[in-house]
Amino acid sequence: MLSNSVYKSIEHRVIVSPAEERLSLAFFYNPKGNVPIEPLKELVTVDSPALYTSTTYDQYRQFIRTQGPRNKSHIDELRSPR
């Protein structure tokens, strides 16, 4: 949402080696619940309008809890109607 879909992340998979241990670390950034989440103003132009409406982190979290994460497709459901 922040990048207005400019940044395209990719799905990734791990190939586990039976010969070596694997260590995974997860990092999360959780803003306060009332913080607005919306496309960065620097990335919104006349030629590239905002693709997502503003929401709060609490609203986003509620959406994920009620709809469930579905890979990266859940972000598409938050797009603004055109």
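Here are some notes on this predicted model, point by point.

1. Confidence. Before leaning on any detail, look at the pLDDT: the protein chain averages 83, with 90% of its residues at 70 or more. Confidence peaks in strand 2 (residues 55-56), at a mean of 93, and bottoms out in helix 2 (residues 73-76), at 68. Where pLDDT is low, it's best not to read the predicted coordinates in detail.

2. Overall layout. There are 2 helices and 2 strands in the protein chain. Going along the sequence, the order is β-β-α-α. Strand 1 is residues 36-37, strand 2 is residues 55-56, helix 1 runs over residues 57-67, and helix 2 covers residues 73-76.

3. Overall shape. The C-alpha trace spans about 55 × 30 × 20 Å along its principal axes. The radius of gyration of the protein chain is 16 Å, whereas a compact globule of 82 residues would come out near 12 Å. As for burial, 22% of the 82 residues count as buried.

4. Contacts along the chain. Take the contacts in the protein chain with a separation of 6 or more: 62% of them are between residues 24 or more positions apart.

5. The core. Which residues make up the largest nonpolar core? It has 8 members: M1, I37, L51, Y52, Y57, F63, I64 and L78. Helix 1 is the biggest contributor to this core, with 3 residues. As a general point, nonpolar side chains in soluble globular proteins tend to be buried together.

6. M1. Don't skip over the start of the chain. M1 belongs to that core, and, leaving aside residues up to four places away in sequence, M1 touches I37, E38, P39, Y52, T53, T55, Y60, I75 and L78. Among these partners, I37, Y52 and L78 are also members of the core. One caution concerns I75: this residue falls within helix 2 (residues 73-76), where confidence is lowest.

7. Helix 1, two faces. Which residues of helix 1 are buried? They are Y57, F63 and I64. These three sit on the same side of helix 1 because they cover an arc of only 120° around the axis. On the face turned away from that buried side, you'll find the exposed residues R65 and T66.

8. The annotated stretch. The unreviewed UniProt entry carries the annotation "domain: Isopenicillin N synthase-like Fe(2+) 2OG dioxygenase" over residues 2-31. In the model, that stretch is 0% helix and 0% strand, and its end C-alpha atoms lie 13 Å apart.

9. N4 and S5. Both are worth a look for their backbone angles. N4 has a positive phi of about 55° without being a glycine, and S5, likewise not a glycine, has a positive phi of about 65°. N4 lies in the segment before strand 1, and so does S5. Are they buried or exposed? N4 is buried, because its relative accessibility is 3% and the cut-off for buried is under 20%. S5, at 17%, counts as buried too.

10. E21. This residue is also in the segment before strand 1. With a relative accessible area of 83%, E21 is exposed, because that label applies over 50%. How far apart are the C-alpha atoms of E21 and K32? They are separated by 36 Å, with the two residues 11 apart along the chain.

Note on methods:
Residues numbered from 1 in each chain as written. Predicted model: local features only at pLDDT ≥ 70, side-chain atom pairs only at ≥ 80, totals over all residues. Heavy atoms only, no water. Helix = DSSP H or I, 4+ residues; strand = E, 2+ residues; numbered from the N terminus. Buried < 20%, exposed > 50% of the residue type's maximum accessible area, 1.4 Å probe, protein only. Core = buried A, V, L, I, M, F, W, Y, C linked by side-chain atoms within 4.5 Å. Contact = heavy atoms within 4.5 Å. UniProt positions renumbered as here; feature names shortened; annotations may be inferred. pLDDT = per-residue confidence, 0-100. Arc of directions from axis to C-beta. Rg over C-alpha atoms; globule rule 2.2 N^0.38 Å.
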